[in-house]
Amino acid sequence: MKTDILIVGSGCSGLYCALHLPKDKQVTIITKSDCESSDSFLAQGGMCTLTCEEDFDSFMQDTLEAGHHENDKKSVEIMIRSSQSLVEELTELGVDFQRDWYGNLIYTKEGAHSTNRIVFHKDMTGAEITGHLLEEARKRDNITILEYTTLIDLIEKDNTCYGAVIQLSDGRVAKVAAQYVVLATGGVGGVYQHSTNFRHLTGDGIAVAIKHGVELRNITYVQIHPTTLYTKEPTERSFLISESMRGEGAKLYDKNGNRFVNELLPRDLLTKAILEQMEKDGTEFVWEDLRSIPMEELRSHFPNIVSHCEKMGYNVMEECIPVVPAQHYFMGGIRVNYESKTSMERLYAVGETACNGVHGRNRLASNSLLESLVFAKRAAEDIARTGSQPQDETFIEQWPMGTYEDLDKLRDEYMDIVEHKVKGEENV
C-alpha cells in the first residue's frame, strides 16, 4: 500500500491534522476500532480558550501551577495564543459552542482555573468537536479512513521513517509506504484496571517508539481523575463525572456527609485528598452532591451525566452519588518539538500520545482538546512546508514480515512494555 501521509488514530488530533494537510496529498487514517471509539468523543467539560488579552497571564499561571511548573512555557504560550482562532475555525466547521441570547460565547469554569474560560457544548464537547471533524474528513476526496486497522510496527532505516506495518480489518498484515507518519494513537488507559479510557487504547505508539529508540518524555506522568461514578459491577471503562460540575458548585462529602476538601483543587491534589479520606473512612468512594446546581442547569448543561446516573439508579436532583478516582490522562509520551516532530525523521506525534511539555506534571482541566488541536495543526503545517520526500521502495519491499506471525503475542508484549514504563518500572 502507498500513501503520502499515514495518520495512526482517528481522534480529534489525527482528524484535525488530516484536515490541514494539502488537499493534493493522499492521506490515509487508520484507527484501531471504529472512528467514534476514541477518547476525544468522551471529553465532557469543554475546551479552554483565551477570553481576552487581560486573561493571558492568568491562563498561563493556572496552567503552570497545575503542572507544578514543569511545563514548557513556550509550548504553553503557543497553545494559549492559538486558542481564539481555533474556536473561530471550529465554529466555521459547525461546532455549536454554548452561547447566550446575544450570540456571545458562554464560558464555564473547572478546578484550578482562576476564572471562567472554557467553551463547551452541554457535557459532550468532545463529541461535538470530533464529530464535526470526522464529518468533514469523510467529505474529503484525498482522505481515506480504514477502521478496525491496527498499527503493528514502523518501517525505518537510519532513524528515518518510511511507513508502517499494519493489520487490516480482515486480519491481513500489510506494509504501507508513506512519506510521513503521524502517530495519534491516544492514551494508555487500557493497561489500567480502572480507567475512563476505551480499553483498546494501550499506548501502541509508545510501544513502537520504544522499539525503535524514538525519544520519550515524562513517561511516568499519568493523571488520575478525582471523580468517576463508583459501581461494584465490572465496566468496560469508568464513567467520568465532569470537573465542570464542581466548577458550577457541586460538593464532595465524606461518609458522614461533611465536606472535607476544596473541590476546585488541581486534579492531582484533589485525588490525593479523596484517597486519604476514603482510607480514613474505610470506604471505597466519597459522595458528590450535585443538588447545589440549579435543576434547569443540570438538565441543560449536563444531560448525559444526569441520564447515566439515572440509568445507574441515582436521582441527582434528590441524592448524592458515589464517586472514586480512576486513571484518566497521560501527560507524558513521545517527545516532540513545537511542530510536533519526533526525534525520528519524517515521524510526527500529536494528541495524548505526544509530549510537547504543555501539561507538565499534571494537566489543567480542559487543556487537552486545545493542546491536541493546536499542535496537530502545527504538525500538518510543518509537513506541508517540508514537502515531498523520496521513498526507498526496495527497502520497504524487503522489510521482513516473518516477525509479525504471532500478533496476539506481540500486542501482549507491547502492553507489558507500556505498562512497566508508565508505572516507573525500569526492567523493560
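The lining of the second largest pocket is made up of eleven nonpolar, eight polar and five charged residues. The structure is a predicted model, and the volume of this pocket comes to about 560 Å³. Of the 24 lining residues, those closest to the pocket centre are His 194, Leu 229, Thr 231, Thr 235 and Ser 238. Strand 13 provides the largest share of the lining, four residues. Strand 10 and strand 13 each supply at least two residues of this lining.

**The four-stranded sheet**

Strand 10 and strand 13 also belong to an open sheet of four strands, in the order 10-13-12-11. The pairing in this sheet is antiparallel. Its edges are strand 10 (222-229) and strand 11 (251-253), each of which pairs on one side only. On average, neighbouring strands of the sheet are turned by 45 degrees against each other, direction ignored.

Strand 12 covers residues 286-289 and strand 13 covers residues 321-330; three bridges join these two antiparallel strands. Strand 12 is also joined to strand 11 by three bridges, and that pair again runs antiparallel. Some of the bridge partners are listed here.

| Residue | Partner | Strand of the partner |
|---|---|---|
| Glu 288 | Ile 321 | strand 13 |
| Trp 287 | Pro 322 | strand 13 |
| Lys 251 | Asp 289 | strand 12 |

Which helix lies across strand 10, strand 11, strand 12 and strand 13? Helix 7, made of residues 267-281, does so. Helix 7 runs at about 55 degrees to strand 10, the edge strand of residues 222-229.

**Salt bridges**

How many salt bridges does a search of the whole structure find? The search returns 25 salt bridges. One of the pairs in the model is formed by Lys 157 and Asp 392, with the closest N and O atoms 2.8 Å apart. This pair links distant parts of the chain, as the two residues are 235 residues apart. Lys 157 sits in strand 6 (residues 150-157). Asp 392 is in the loop between helix 10 (368-386) and helix 11 (393-398).

**Pocket and sheet together**

Strand 13 thus appears in both parts of this description: it supplies four residues to the pocket lining, and its Ile 321 stands opposite Glu 288. Strand 10, an edge strand of the sheet, likewise supplies at least two residues of the lining.

Definitions and conventions. Residues numbered from 1 in each chain as written. Predicted model: local features only at pLDDT ≥ 70, side-chain atom pairs only at ≥ 80, totals over all residues. Heavy atoms only, no water. Pairing = 2+ DSSP bridges. Axes fitted to C-alpha atoms, helices over the stretch in contact; angles between N-to-C directions. Contact = heavy atoms within 4.5 Å. 1 Å grid on protein atoms, 1.4 Å probe; cavity = no way out; pocket = protein on both sides within 12 Å on 5 of 7 lines; lining within 4 Å. Points joined across faces, edges and corners; volume = space filled by probe spheres on them. Nonpolar A, V, L, I, M, F, W, Y, C, P; charged D, E, K, R; others polar. Salt bridge = Lys/Arg side-chain N within 4 Å of Asp/Glu carboxyl O.
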